[in-house]
Amino acid sequence: MSNFKSSFIRINLLVLLLLNFSNLNAQTEVFKSNLYISDDDLSNFYSSISNDSTQIYFNSNDYYIHAFDKKTKNLSWSFYLANKSNTAPKLNKNSVFVEQHIGQNYDRCIQLDKKNGDTIQTLRINSLQTNPIFKDNVVYCAAISPGTGGAILAYDLEKN
């Protein structure tokens, strides 16, 4: 009787687990890029993602950052970065911080408006290498600066 009870409990647990986790594979496609990626290209595939309460920000292999509205699942805006990166967009209040390719071996961090993707300003640093900490209008982070190289810095966004 003990083996039957033990087997019955195991079967019930298995059924409960299957019922609880049956929707794990259910996915909704929000964005499909027109970019074709062959098996050979996968080794050069770069992409990253961030999100806030209203949007998903996708730094894509097609050299753009795309913002998608979570509620409507529509594309809100896209901004050409001339760059593909595994560095996720950094978010703060109404801003998105990403790297834009300016020229050969020359990138700059830019601040975009979350709502419409418009450029707020181009920062005088190449990239934000860590998750920054924002306090008022100052960003604290490890960054790469053209004159200094890698550095821990406090960057005043108002004064740029």
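Colleague: Where is Tyr 63 found?
Modeller: A word first: this is a predicted model. Strand 2 covers residues 55-59, and strand 3 covers residues 64-69. Tyr 63 sits in the loop between strand 2 and strand 3.

Colleague: Is Tyr 63 buried or exposed, and what is its relative accessible area?
Modeller: Buried would need a value under 20%, and exposed a value over 50%. Tyr 63 falls in between, so it counts as partly exposed, with a relative accessible area of 35%.

Colleague: What is the phi of Tyr 63?
Modeller: Most residues other than glycine have a negative phi. Tyr 63 is not a glycine, yet its phi is positive, at about 75°.

Colleague: Which residues form a nonpolar patch on the surface with Tyr 63?
Modeller: A patch residue needs over 30% relative accessible area. Tyr 64, in strand 3, has 31% and is partly exposed. The patch has about 290 Å² of accessible area in total, and the partners of Tyr 63 are Tyr 64 and Tyr 80.

Colleague: With which residues is Ser 60 in contact, leaving aside neighbours within four places in sequence?
Modeller: Ser 60 also lies in the loop between strand 2 and strand 3. Its relative accessible area is 4%, so Ser 60 is buried. Beyond those sequence neighbours, Ser 60 touches Tyr 46, Ser 47, His 66, Asn 83 and Lys 84.

Colleague: What is the phi of Lys 73?
Modeller: Lys 73 belongs to the loop between strand 3 and strand 4. Lys 73 is partly exposed, at 37% relative accessibility. It is a residue other than glycine, and its phi is positive, near 65°.

Colleague: How far apart, centre to centre, are Tyr 57 and Trp 77?
Modeller: The structure holds 3 aromatic pairs. One of them joins Tyr 57 and Trp 77; with 45° between the planes the pair is tilted, and the distance from centre to centre is 6.3 Å.

Colleague: How many residues apart in sequence are the parts that this pair ties together?
Modeller: Tyr 57 is buried, at 0% relative accessibility. Trp 77 is buried too, at 5%. Tyr 57 lies in strand 2 and Trp 77 in strand 4, so the pair ties together parts with a sequence separation of 20 residues.

Colleague: Which residue forms a salt bridge with Asp 52?
Modeller: Side chains of opposite charge can pair when their charged atoms come close. The structure holds 1 salt bridge. Its closest N and O atoms are 3.0 Å apart, and the partner of Asp 52 is Lys 114.

Colleague: How many residues apart are Asp 52 and Lys 114?
Modeller: Both residues of the salt bridge are buried. Asp 52 is in the loop between strand 1 and strand 2, and Lys 114 is in the loop between strand 7 and strand 8. The pair links distant parts of the chain, with a separation of 62 residues.

Colleague: How far apart in space are Ile 125 and Tyr 155?
Modeller: Ile 125 lies in the loop between strand 8 and strand 9. Its relative accessible area is 2%, so Ile 125 is buried. Ile 125 and Tyr 155 are 30 residues apart in sequence, and from C-alpha to C-alpha the distance is 9.2 Å.

Colleague: Which residue stands opposite Lys 90 in strand 6?
Modeller: Strand 5 pairs with strand 6 in the antiparallel sense over 3 bridges. In this hairpin 2 residues lie between the strands, and Lys 93 has a positive phi near 45°. Opposite Lys 90, in strand 6, stands Phe 97.

Colleague: In strand 7, which residue is the bridge partner of Gly 103?
Modeller: Strand 6 is mostly covered, with 7 of its 9 residues buried. It pairs with strand 7 in the antiparallel sense over 8 bridges. Asn 105, in the turn of this hairpin, has a positive phi of about 55°. The partner of Gly 103 is Tyr 106.

Colleague: How many strands has the protein chain?
Modeller: From the N terminus on, the elements run α-β-β-β-β-β-β-β-β-β-β-β-β. That gives 1 helix, and the number of strands is 12.

Colleague: Of the 160 residues of the protein chain, what percentage count as buried?
Modeller: The accessible surface of the chain comes to about 10,900 Å², and carbon and sulfur atoms hold 51% of it. A residue is buried when its relative accessible area is under 20%. Among the 160 residues, the buried share is 33%.

Technical notes:
Residues numbered from 1 in each chain as written. Predicted model: local features only at pLDDT ≥ 70, side-chain atom pairs only at ≥ 80, totals over all residues. Heavy atoms only, no water. Patch = residues over 30% accessible without salt bridge, like charges linked within 9 Å, V, L, I, M, F, W, Y side chains within 5 Å. Areas by Shrake-Rupley, 256 points an atom, 1.4 Å probe, with all protein chains shown as cover. Salt bridge = Lys/Arg side-chain N within 4 Å of Asp/Glu carboxyl O. Helix = DSSP H or I, 4+ residues; strand = E, 2+ residues; numbered from the N terminus. Buried < 20%, exposed > 50% of the residue type's maximum accessible area, 1.4 Å probe, protein only. Contact = heavy atoms within 4.5 Å. Phe/Tyr/Trp six-rings, centres within 6.5 Å; stacked < 30°, edge-to-face > 60°. Pairing = 2+ DSSP bridges.
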